[in-house]
Number of protein chains: 2
Amino acid sequence: MSQMQNVEKQLREMILGLEIGPGERLTERWIESRFGASRTPVRAALLRLETDGLVCRDGRGWTVSPINLAEIEQIAVYREAVEVAAIKLTCALEDRSAVDVVEAMLDSCDAGTPREEWHRVGMDFHIELARLSGNEFLFRAVRDAMTRLSRARWLEVRDEAALGRAWAEHRAILAAVRAGDADEAAHRLSAHIIGSRDRLVTSLHNDRRGLRARGFAVVAA
Amino acid sequence: MSQMQNVEKQLREMILGLEIGPGERLTERWIESRFGASRTPVRAALLRLETDGLVCRDGRGWTVSPINLAEIEQIAVYREAVEVAAIKLTCALEDRSAVDVVEAMLDSCDAGTPREEWHRVGMDFHIELARLSGNEFLFRAVRDAMTRLSRARWLEVRDEAALGRAWAEHRAILAAVRAGDADEAAHRLSAHIIGSRDRLVTSLHNDRRGLRARGFAVVAA
DNA sequence: GATACCAACTTGGTATCCCAAAATGGTATC
DNA sequence: GATACCATTTTGGGATACCAAGTTGGTATC
């Protein structure tokens, strides 16, 4: 694996894992020494992460992108459009047996599953569901949206009941897809996404002081 | 303007203007000497253009992305989803007077307008229309889709009647938006996009031998 | 004439060096 | 004590040198 991929992967994990907080300044030299690579691959990695929205320019320098509530709301609208389009395509397929693979992902989480895993599977559900459509651009759009939402979703305060509800919604969506009921699937998916958005924005809004106290930059809507 | 932006801009224009043909190999050293910049900004520019889908990796090297008919079909589905979502948002706005600005773009083209201008305005119409939604991600998605379609649309064989029909469809879409009729606007926009896709794919499919003879790589659907 | 093999060149990946601009910190002045 | 100013350091942008891997072209052998 090239140095550029190496730096990009590790830096991405540190940012998504909140090891580097939203709003923190980054210097190319710090990354260079941190990962033992020279500035050329570091700069390439930063350019990649910039297009993913994980880092952004701050004047001349680099900053880990802050949590932006307005952006989160807009992304929800965006992903609703593309996920609904994707699920309609999937419902129109003759062979929809691939939903079983997605259902198995949901099954892999139970009471003993660590929170990180619930978080990861909760995003991969949407990503893999979009992949089933066979449309590369809808798939990429969902993956990109989930990446941008990842940190915010991790910071969301969710009790077990909320997780259970989300999983039930996921299963209902899959059931509709399996039945080939595009309208039902689209409606449930749409409601799920908008509901998730509202809970997410509300949670972050209520917690914004605590988040800022932890050093996380949170931009209001 | 930085060297990186300079190289990116010029290289983008050369690719979109088909001065460098789809499928052509690129070397960092050629770009370096062509634009008088060193490899550092050249590499940064290539990474940018790669995320825009204008260049792609070919093993170890770089290639101007070929025209890909399957990709064009998928992008049409993608842009239909996002453009329809955007126009519905716009129709729901109280103040939709900004459509006048978009309408003025259409008015700027007449019989004496060069073909490049029709081409540019034909894309900007969709981009600016999406911008009116106020959703940054829907807007970016449309802009990105149009960038990826730009070369194919330029190669499309379109007579004056077809252009006139497209403009009429554009105006009908704007009229529906101005009236706040979301369903009508969405329906007309959707039909316009799918119709455009069909004509585009058909045209390129029929012309693929001629295009290949001009040295343009065309990947079949 | 076909093919196996080797040297020279090309090319992307990386490290490193230089530079200008911006940030920083200390000092002198009021 | 506050502030204006200047020297120093830091930082990103760019240029260049080096390397390894891959390609190419030619040659010698069969």
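# A tour of the DNA-facing surface and the A–B interface

Begin with the elements around DNA strand D: helices α2 (28–35) and α3 (39–51) of chain A, together with α1 (3–16) and α3 (39–51) of chain B, each supply at least two residues of the surface near that strand. The model is a predicted one. With these helices selected, colour α3(B) separately, since the largest share of the surface near DNA strand D, 3 residues, comes from that helix.

Next, display the side chains around the strand. Of the 19 residues there, Arg29(A), Arg60(A), Gln3(B), Ser38(B) and Thr40(B) come nearest, and by class the residues of this surface divide into 9 charged, 6 polar and 4 nonpolar. On the nucleic acid side, sugar or phosphate accounts for 46% of the atoms of DNA strand D within 4 Å of the protein, the rest belonging to bases.

Three polar contacts can then be picked out one after another. At Ser38(B), an N or O atom of the side chain is 2.7 Å from a phosphate oxygen of DNA strand D, whereas at Thr40(B) a polar side-chain atom lies 2.7 Å from a base nitrogen of the strand. On chain A, select Leu26(A), where a polar backbone atom is 3.3 Å from a phosphate oxygen of DNA strand D.

Now hide the DNA and turn to the two protein chains, where the contact takes 25 residues from chain A and 25 residues from chain B. The area buried between them is about 1,900 Å², with carbon and sulfur atoms giving 65% of that area. To see where chain B contributes, select Gln74(B), Tyr78(B) and Phe137(B), which supply 33% of the area that chain B buries against chain A, more than any other three residues.

Across this interface there are 9 residue pairs in polar contact. On the chain B side, α3, α4 (69–91) and α7 (136–155) each supply at least two of the residues that touch chain A, and α4(B) gives the most, with 9 residues. By class, that side of chain B has 12 nonpolar, 5 polar and 8 charged residues.

Which ion pairs cross between the chains? The count between chain B and chain A is 2 salt bridges. In one, Glu50(A) pairs with Arg48(B), the closest N and O atoms being 2.7 Å apart; Arg48(A) and Glu50(B) also meet in a salt bridge, with an N to O distance of 2.7 Å. The latter pair runs from helix α3 of chain A to helix α3 of chain B. Extend the selection to Glu8(A), Arg12(A) and Asp52(A), which are linked with Arg48(A) and Glu50(B) in a network of salt bridges.

Two further salt bridges lie within single chains. In chain A, select Asp100(A) and Arg178(A), whose closest N and O atoms are 3.0 Å apart; this pair joins helix α5 (residues 99–107) to helix α8 (residues 160–179), the two residues being 78 residues apart. Asp100(A) is partly exposed at 42% relative accessibility, and Arg178(A) is partly exposed at 37%. In chain B, Glu28(B) forms a salt bridge with Arg39(B) at 2.9 Å between the closest N and O atoms. Here Glu28(B) is buried, with a relative accessible area of 9%, while Arg39(B) counts as partly exposed at 29%.

Finish at Ser150(B), in helix α7 of chain B. Is Ser150(B) buried or exposed? Ser150(B) has a relative accessible area of 3% and is therefore buried. Leaving aside residues up to four places away in sequence, Ser150(B) touches Leu16(B), His119(B) and Met123(B).

Methods: Residues numbered from 1 in each chain as written. Chains lettered and ligands numbered in written order. Predicted model: local features only at pLDDT ≥ 70, side-chain atom pairs only at ≥ 80, totals over all residues. Heavy atoms only, no water. Near = heavy atom within 4 Å. Polar contact = N/O pair within 3.5 Å; in protein donor to acceptor, adjacent residues only side chain to side chain. Helix = DSSP H or I, 4+ residues; strand = E, 2+ residues; numbered from the N terminus. Nonpolar A, V, L, I, M, F, W, Y, C, P; charged D, E, K, R; others polar. Contact = heavy atoms within 4.5 Å. Buried area = accessible area lost by both parts, 1.4 Å probe. Salt bridge = Lys/Arg side-chain N within 4 Å of Asp/Glu carboxyl O. Buried < 20%, exposed > 50% of the residue type's maximum accessible area, 1.4 Å probe, protein only.
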